[in-house]
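Colleague: Could you take a close look at the cysteines for me, and then walk me outwards to the contacts around them?

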Amino acid sequence: MNNMITLQHTKINASFVTSTHVVEHVFKVTLYKRLIGMVSRYALNQIIVEFEWVNYADIDSSRCGCIMKTTHGLPCACELARYVVGSIPLDTVHMFWQTLSFLDQGLSKPEVCISE
């Protein structure tokens with residue numbers, strides 16, 4: 001049983017490392033260069049979807065609604081409109097999405113308390 005769990009852990013870890021190091025073609029543009037390897041793949045995909053609204057919202061927050069910023073802590077369309085020429089700064093992404101780790105977080109076995 002232990003060998004099977006160790007093997008599964010190794011496969012998951014290898015998949016995680018691959019997903020943090022392999023860059024999809026869509027992210028190879030200047031807009032995302034500060035975010036690659038620093039934020040989760042899910043967050044990057046959400047930013048791509050939100051970026052499609054830039055042409056509609058531009059920098060007008062009343063059109064944008066800033067829902068992505070409020071609910072997910074990711075740059076919304078009106079904020080992304082400012083970075084069309086440059087790249088999205090890392091500090092526009094909430095710290096939650098910057099936590100890329102597969103390390104043991106100090107979880108230990110529960111202590112057993114035997115009362116007499």
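Modeller: Happy to; here is the cysteine region, followed by the core, the salt bridge, the aromatic rings and a surface patch.

This is a predicted model, in which local features need pLDDT of at least 70 and side-chain atom pairs count only at pLDDT 80 or more, while totals for chains, interfaces and linings use all residues. Residues are numbered from 1 along each chain as its sequence is written, and side-chain values use heavy atoms, with hydrogens and water left out.

Let's start with the sulfurs. A disulfide is a covalent bond between the sulfur atoms of two cysteines; here it is taken as a pair of cysteine sulfur atoms within 2.5 Å. Searching the whole structure turns up 0 disulfides. C64 is in none, and its nearest cysteine sulfur, in C76, is 3.8 Å away. C66 is unbonded because its closest cysteine sulfur, that of C78, lies 3.6 Å off, too far for a bond.

The backbone at C66 deserves a glance too. Most residues other than glycine have a negative phi. The phi of C66, however, is positive, near 50°. C66 sits in the loop between helix 4 (61–64) and helix 5 (67–72); helices are DSSP runs of H or I with at least four residues, numbered from the N terminus.

C64 counts as buried because its relative accessibility is 15%; buried means under 20% relative accessible area, exposed over 50%, and partly exposed in between, with a 1.4 Å probe and protein chains only. C64 also belongs to the largest nonpolar core, a set of buried Ala, Val, Leu, Ile, Met, Phe, Trp, Tyr and Cys residues joined through side-chain atoms within 4.5 Å. That core has 22 residues, and those touching the most other members are Y32, L35, I47, C64, L74, I88 and V93. Helix 2, helix 3 (54–57) and helix 6 each give two or more residues to the core, with helix 2 supplying the largest share, 4 residues.

Helix 6 comes up again in the salt bridge. The whole structure has 1 salt bridge, meaning a side-chain nitrogen of Lys or Arg within 4 Å of a carboxyl oxygen of Asp or Glu. Its partners are K69 and E79, at 3.6 Å from N to O. The pair links distant parts of the chain, with K69 in helix 5 and E79 in helix 6, 10 residues apart. K69 is partly exposed at 33% relative accessible area, whereas E79 is buried at 10%.

Now for the rings. Phe, Tyr and Trp rings (the six-membered one for Trp) pair when their centres lie within 6.5 Å; planes under 30 degrees apart are stacked, over 60 edge-to-face, and the rest tilted. There are 2 aromatic pairs. Y42 and W97 are stacked, 5.5 Å centre to centre with 25° between the planes. They join distant parts of the chain: Y42 is in helix 2 (residues 41–51), and W97 is in the segment after helix 6 (77–80), 55 residues away. W97 is buried at 11% relative accessibility, while Y42 is partly exposed at 45%. F96 meets W97 edge-to-face, at 4.8 Å and 85°, and F96 is exposed at 55%. Ring pairs thus gather Y42, F96 and W97 into a cluster.

Lastly, the surface. M1, M4 and I5 make up a nonpolar patch with about 360 Å² of accessible area together. M4 lies in helix 1 (residues 2–21) and is partly exposed, at 46% relative accessibility.

Terms used. Patches are made of residues with over 30% relative accessible area and no salt bridge: like charges are joined within 9 Å, nonpolar side chains (Val, Leu, Ile, Met, Phe, Trp, Tyr) within 5 Å. Accessible areas come from the Shrake-Rupley method with a 1.4 Å probe; for residues, only the protein chains shown count as cover.
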